[in-house]
Amino acid sequence: MLDIALLPGEYAVCRLAAGAALPHELTSGLGRADVITVSWTADGISVICPTDRVPAQAVVETAWRCLRVAGPTEVAGAGTLAALVDPLTEARVSVVTFSTFDTDYVLVPAVRLAEGTAALERAGHRVLG
């Protein structure tokens, strides 16, 4: 069983052009409690951020809710994401995932949040918030 915190507000999955500079909207106010992740590849820059921090020039897919595994998880720990993704997949809820050194995150479409959290709870997890 995992404790999962539902983060406040909506999140967006964004794409910036390859080689673009990281916009000010993402780098200002870094002390805030927001979760922002950036991935650079040769094909482009992917950003996950709160909807109020979406870069103006980004291609955006909005209206996601962000779930965070509460407490630190081991970097080498096996099965944490699968324990979350599997019940969501069975419930036919789309997911976007990312991990940090400390924990794992799962985004679900805002319109499917109730179904997603219900699926996680049926799998024995506790959704907080």
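This passage describes the fold, strand pairing, salt bridges, backbone outliers and internal cavity of a predicted model.

The secondary structure of the protein chain amounts to three helices and eight strands. Read from the N terminus, these elements follow the order β-β-α-β-β-β-α-β-β-α-β. Of the 129 residues in the chain, 36% are buried. The accessible surface comes to about 7000 Å², and carbon and sulfur atoms account for 54% of that surface. Contacts across the sequence are a helpful way into the fold: among those between residues at least 6 apart in sequence, 72% join residues at least 24 apart.

Strand E2, covering residues 11-16, offers a good place to begin with the strand pairing. E2 pairs with strand E4 (residues 44-50) in the antiparallel sense, over six bridges. Within this pairing, Ala12 is set opposite Cys49 of E4. E2 also pairs with strand E5 (residues 59-69), again in the antiparallel sense, here over four bridges. In that second pairing, Arg15 has Val59 of E5 as its bridge partner. E2 thus has antiparallel pairings with both E4 and E5.

Two residues deserve a closer look for their backbone angles. As a general background, most residues other than glycine have a negative phi. Ala63, which lies in strand E5, has a positive phi of about 70° although it is not a glycine. With a relative accessibility of 26%, Ala63 counts as partly exposed. Arg92 likewise has a positive phi, near 60°, and is a residue other than glycine. The setting of Arg92 is a loop, the one between helix H2 (80-90) and strand E6 (96-99). Arg92 counts as exposed, because its relative accessibility is 70%.

Turning to charged side chains, the structure holds two salt bridges. One of them joins Asp3 and Arg126, whose closest N and O atoms are 2.8 Å apart. Asp3 belongs to strand E1 (residues 3-6) and Arg126 to strand E8 (residues 126-128), so this pair ties together parts that are 123 residues apart in sequence. Both partners are partly exposed: Asp3 has a relative accessibility of 23%, and Arg126 has a relative accessible area of 42%. The other salt bridge is formed by the side chains of Arg112 and Glu115, with an N to O distance of 2.7 Å. Arg112 is partly exposed at a relative accessible area of 22%, and Glu115 also counts as partly exposed, at 39% relative accessibility. In general terms, side chains of opposite charge can pair when their charged atoms come close.

What, finally, can be said of the space inside the model? The structure holds one cavity of 30 Å³ or more, and about 40 Å³ of space lies in the largest cavity. The lining of the largest cavity is made up of Ile4, Leu67, Arg68, Val69, Leu84, Leu88, Asp104, Tyr105, Val106 and Leu120. Three elements, E5, H2 and strand E7 (104-109), each contribute at least two residues to this lining. Strand E5 therefore returns in several parts of this account, as it pairs with E2, holds Ala63 and helps to line the largest cavity.

Note on methods. Residues are numbered from 1 along each chain as its sequence is written. This is a predicted model: local features need pLDDT of at least 70, side-chain atom pairs count only at pLDDT 80 or more; totals for chains, interfaces and linings use all residues. Side-chain values use heavy atoms; hydrogens and water are left out. Two strands pair if DSSP finds at least two bridges between them. Buried means under 20% relative accessible area, exposed over 50%, partly exposed in between (1.4 Å probe, protein chains only). Contact means heavy atoms within 4.5 Å. Accessible areas come from the Shrake-Rupley method with a 1.4 Å probe; for residues, only the protein chains shown count as cover. A salt bridge is a side-chain nitrogen of Lys or Arg within 4 Å of a carboxyl oxygen of Asp or Glu. On a 1 Å grid over the protein atoms alone, a cavity is a set of points where a 1.4 Å probe fits but cannot get out, and a pocket is an open set with protein on both sides within 12 Å along at least five of seven lines; lining residues have an atom within 4 Å of a point. Grid points are joined across faces, edges and corners, and a volume is the space filled by probe spheres set on the points.
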